[in-house]
Amino acid sequence: MKIVSNCPLCEEKGLHVIEEDGIGTQQCINCGYGTTSRFIGTKEDNETFKTLPEEMQSWSKEANDRIWIPTMFTLPFGTLYPVNVDGEMKWGFAEMVDISEEEQKNYPDERGGFYKQKYDTDNAKIYDVFLDGMVEMNETAKADNSLRTSTPE
Ligand SMILES: [Zn+2]
């Protein structure tokens, strides 16, 4: 069962609670913060929290006896992620782009080959509000689909 309730951080009704994924995910689609049962406790005593990168730790918040972490969404066509802009946390949206053949040698994969696509984080769009980034991501997904269906195979 999936429940939508009020988020303890931003107080908007955007919190999705997923009970049966085994880790008790709670994800707010308004402010972009999420938590799981691995993050029950406080920043001082939670072991999983201590394994996060320092920047993630500094952006995390405590509420409802849990630690809340800024979410990173990665989809085949783009990624939405927290990013440091002049010392402030913003949301970046980077589209998946093709890497030119000359450049591919700079992007080795783990299998001895080279990546042909990457998330274009150098040209990420920056948002103050997570939800705005989500909207952009949805629009991109739609455009991507219409492109595919209108192209003859
Ligand atoms: Zn929220």
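These are my notebook entries on one chain, looked up in a predicted model.

**Overall fold**

I started with the secondary structure and got three helices and 11 strands. Walking along the sequence, I wrote the order down as β-β-β-β-α-α-β-β-β-β-β-β-β-α. For the dimensions, I took the C-alpha trace along its principal axes, and the spans come to about 50 × 35 × 35 Å.

Next I looked up burial and contacts. The chain has 153 residues, and 37% of them are buried. I then took the contacts with a separation of 6 or more; 40% of these join residues 24 or more positions apart.

**Surface and charge**

I noted an exposed area of about 9,800 Å² for the chain, with 50% of it coming from carbon and sulfur atoms. I also tallied the charges: 15 positive and 29 negative. Their mean positions sit 2 Å apart.

**Second largest pocket**

I went to the second largest pocket and found about 190 Å³ of space in it. Its lining has 13 residues, and the ones closest to the centre are Gly34, Thr35, Thr36, Phe39 and Ile69. Which strands supply at least two residues each to this lining? I have β3 (25-28), β4 (33-35) and β6 (66-70) on that list. The top contributor is β3, which gives three residues.

**Gly92**

I picked Gly92 in strand β9, which runs over residues 88-98. Buried or exposed? I get a relative accessible area of 0% for Gly92, so it counts as buried, the cut-off being under 20%.

I then checked what packs around Gly92. Leaving out residues up to four places away in sequence, I find Gly92 touching Thr79, Leu80, Tyr81, Val83, Lys125 and Ile126. I also looked at Tyr127: it is 35 residues from Gly92 in sequence, yet the two C-alpha atoms are 6.2 Å apart.

**Asn64 and Asp65**

Last, I looked up backbone angles in the loop between β5 (61-63) and β6, where Asn64 lies. I have a positive phi of about 50° for Asn64, although it is not a glycine. The loop between β5 and β6 also holds Asp65. There, too, I noted a positive phi in a residue other than glycine, near 60°.

How accessible is each of them, buried or exposed? Asn64 comes out at 55% relative accessibility, so I logged it as exposed, for which the cut-off is over 50%. Asp65 has a relative accessible area of 66%, so I put it down as exposed too.

Definitions and conventions:
Residues numbered from 1 in each chain as written. Predicted model: local features only at pLDDT ≥ 70, side-chain atom pairs only at ≥ 80, totals over all residues. Heavy atoms only, no water. Helix = DSSP H or I, 4+ residues; strand = E, 2+ residues; numbered from the N terminus. Buried < 20%, exposed > 50% of the residue type's maximum accessible area, 1.4 Å probe, protein only. Contact = heavy atoms within 4.5 Å. Areas by Shrake-Rupley, 256 points an atom, 1.4 Å probe, with all protein chains shown as cover. Lys, Arg positive; Asp, Glu negative; His and termini not counted. Charge placed at Lys NZ, Arg CZ, Asp CG, Glu CD. 1 Å grid on protein atoms, 1.4 Å probe; cavity = no way out; pocket = protein on both sides within 12 Å on 5 of 7 lines; lining within 4 Å. Points joined across faces, edges and corners; volume = space filled by probe spheres on them.
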